[in-house]
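User: Got a minute to walk me through this one? I'd like to go over the sheets and a couple of helices.

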Amino acid sequence: MYSLDQISNAAAQLTGESLEGARLRLGALQRFDRLIPAASADQALLESVLASALGAVDGRTRPFGVREAKPVDKGLVLRVERAKDVQALFELLPYRPKRGPWSGVRGLFVQTDGTRLRFGFRTWLYERSWRSAEPSVWVAGPYEEDLPALLNAHEEQVRAAGHSVQWDPQCPEPGPKRQEPVTRSLVRRLSASYAMGSALLRRPRLWDSLSGYAGIRVDTRLTDYGLDWIVERQVTGWQFDDTRLIEVLSDHIVGCGLRVLDHACGTEECTVRLAPQPGVWGWRGVLTVHSRHAPSAPHIQVPGPRPLTAIGDCLSVSRPQTNTSNPDHRTQDRDGAVIQLTGAPRPDGVRRDDLSWVAEQIAAVWTARGLAAAVILTRNRDHEFSFGDPGQPAWATAPVPEAAEGWRRLRIAPPPGELWALEVSRGDDAVAAALAHARRAYDRVILIGRNDDWPYEEHPFDRLADARILVHRATPYERHIPLPTTTGQDVRAITLTPAESAVQWRQQELGRWTPRHPLTGMLLLISSDGSVPPDDFDLAVEEQLARYGTPILGRFPTDRGIIRGPGYSPHPPTVLDPQTEHPTHAQMAVAADALARHLWPDVPPATELTKTPDTRTSS
Ligand SMILES: [Zn+2]
């Protein structure tokens, strides 16, 4: 139900990896919600140091001078375009002059590893964590160029000038006695927003995928909230291609997950400022992209854009059609249906987190059927809570600028299917506006209300949803009431009729609650590892339940313990991810299709999943 080729293309177009390499790497993932991994803190800091040097190379051939940035288990492998760009990295290497302060980045080391160079940090420079590997970036040259020879030449040059080389990890260097001042220490400056530098370095080919690429330069600037990264982008031709740029930078699956702060666009230049998601460590900075027209001679051909699969560009066309999938740029009014999922007003009712888990799984099946599906999650204001950042530098006293989150692509889906989500926390009007937009942009929209507690849940969205579904955990319908006997040996039991059992179930599960507004029905969550299908008695009970205004619309397989929390993805495994044991793709597909048949009996059922011509498509 996903295409490994499609998602491999989406990632490789930004990293520069080979398609085969990306397929192998992504094939090992459990979920396809993030295709370019984020580096651990120490690793990201090292990558930021290298990015700050590579950002200064003449990036006319390739952004950062990098052809490929391949994430590996133990770090990152950079394949540079030209051996001479490695010189920029050598400028970072620390040495001690005869007199005066050290030069270079103290604590950075390099060693040869075959034909490649491995950059790392001395252990005193970073906080060793038992979880993450030593920070490592391997640098490879074009066509197996002899980088070790280049390094030797550089070393000889430094020694010849009478300096003492300090970048060999075999020779101990205990580090400075006192912490270096921020003005002198690149590492200390970068520690404020190391994640941003790493995120840029891991997606070098974004920039030359855009129309009219003529080079970038990357710089950093200290601010009172941390450290900004600034990309100066040269563009030839008539357009800045800024829409696609913003789409990728704000994307969560292959992009950086940034949010647009402001965008000033003119004929001569375009400036976009993007802010990180609040409260995430290592992101204390704003990314500014200045795009300017490069002076172009008439005989120079303007490089055309390359398609970016992640944002819905088609590979087969010579000129990528852009913005076909961006919700802000849709023209088609789909007049989509809105379904609200809600839990019962009881302490053991299905909670909001679980509702969103189920909603994403159902929406993913509909996406796999070729529909544009969306999940809207409303939440309380001031919901976001974050722990203080232990890496917050002393000079960063101001809060990092914040921007509201927009629509978020949840998975890259085989076209024409789409899967998006939005969190709304700005009040009822914002929810109504989001729903109105979603109706135009999507075929099916699932809405999750704001609170677990019912009284607040009831009112505002009812009029906005076409169907209101109570999601509840399945519990068996009682068939007997056991009675004690005087001997204590025989068990006497009163047999219940389906009507009696229905009353009993309703009292027990929903209590005395009667919804103020009609429910379309109930969706029962069943255990995915072998639930017994309903028999005649169960069906007879459900007929009675329908009489009470709670018809059963379907059963959805789920695992009892939905695992959430730090370190776990907030998004469930769906049919657009590799198959898991429970619930299986088939179980989820059958359940979501059955629900759709109940809700829209007039719509012809999708008999089979959207197929792509790729024979290797997983199903
Ligand atoms: Zn612009």
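Analyst: Sure, we can take the sheets and then the helices, keeping in mind that this is a predicted model.

User: What's the strand order in the five-strand sheet?

Analyst: The order is 8-9-12-11-10, in an open sheet with mixed pairing.

User: And which strands stand at the edges?

Analyst: Strand 8 (213–222) and strand 10 (259–265) do. Each has a single partner strand, so one side of each has no neighbour in the sheet. On average, neighbouring strands here are turned by 15° against each other, ignoring direction.

User: How many bridges join strand 8 to strand 9?

Analyst: Eight, and the two strands run antiparallel, with strand 9 covering residues 227–235. If you want a pair to click on, threonine 220 has tryptophan 229 in strand 9 as its bridge partner.

User: OK, next sheet. What's the order in the one with eight strands?

Analyst: That open sheet goes 15-16-14-17-13-18-21-22, and its pairing is mixed. Strand 15 (408–411) and strand 22 (552–558) are the edge strands, each pairing on one side only. From one strand to the next, the twist averages 30°.

User: Do strands 14 and 16 run parallel or antiparallel?

Analyst: Parallel: seven bridges join strand 14 (residues 372–378) to strand 16 (residues 418–424). In that pairing, threonine 378 is matched with valine 424 of strand 16.

User: Which strands does helix 10 touch?

Analyst: Helix 10 (residues 428–441) packs on this sheet, touching strand 13 (337–343), strand 14, strand 16 and strand 17 (444–448). The direction of helix 10 makes about 175° with that of strand 14.

User: Switching to helix 9. How many of its residues are buried?

Analyst: 16 of the 17, so helix 9 is largely enclosed by the rest of the structure.

User: What span should those 17 residues have?

Analyst: At 1.5 Å a residue, helix 9 (residues 352–368) should span 24 Å, and its end C-alpha atoms are 24 Å apart, which agrees. After helix 9 comes glycine 370, with a positive phi near 95°.

User: How do helix 9 and helix 14 cross?

Analyst: Their axes come within 9 Å and cross at roughly 85°, with helix 14 being residues 585–599. That makes the two helices roughly perpendicular.

User: Which residues make the contact?

Analyst: Helix 9 brings Gln361, Ile362, Val365 and Trp366, while helix 14 brings Met588, Ala589, Ala592, Asp593 and Leu595. By type, the contact residues are seven nonpolar, one polar and one charged.

How values were computed. Residues are numbered from 1 along each chain as its sequence is written. This is a predicted model: local features need pLDDT of at least 70, side-chain atom pairs count only at pLDDT 80 or more; totals for chains, interfaces and linings use all residues. Two strands pair if DSSP finds at least two bridges between them. Helices (H or I, at least four residues) and strands (E, at least two) are DSSP runs, numbered from the N terminus. Axes are lines fitted to C-alpha atoms, for helices over the stretch in contact, and angles run from 0 to 180 degrees between N-to-C directions. The expected span of a helix is 1.5 Å times one less than its number of residues. A residue is buried if 20 or more other C-beta atoms lie within 10 Å of its own, exposed if 12 or fewer, and partly exposed in between; C-beta atoms are placed from the backbone. Two residues are in contact if their C-beta atoms, placed from the backbone, lie within 7 Å. Angles under 35 degrees count as roughly parallel, over 145 as roughly antiparallel, 65 to 115 as roughly perpendicular and the rest as oblique. Ala, Val, Leu, Ile, Met, Phe, Trp, Tyr, Cys and Pro count as nonpolar, Asp, Glu, Lys and Arg as charged, and the others, Gly among them, as polar.
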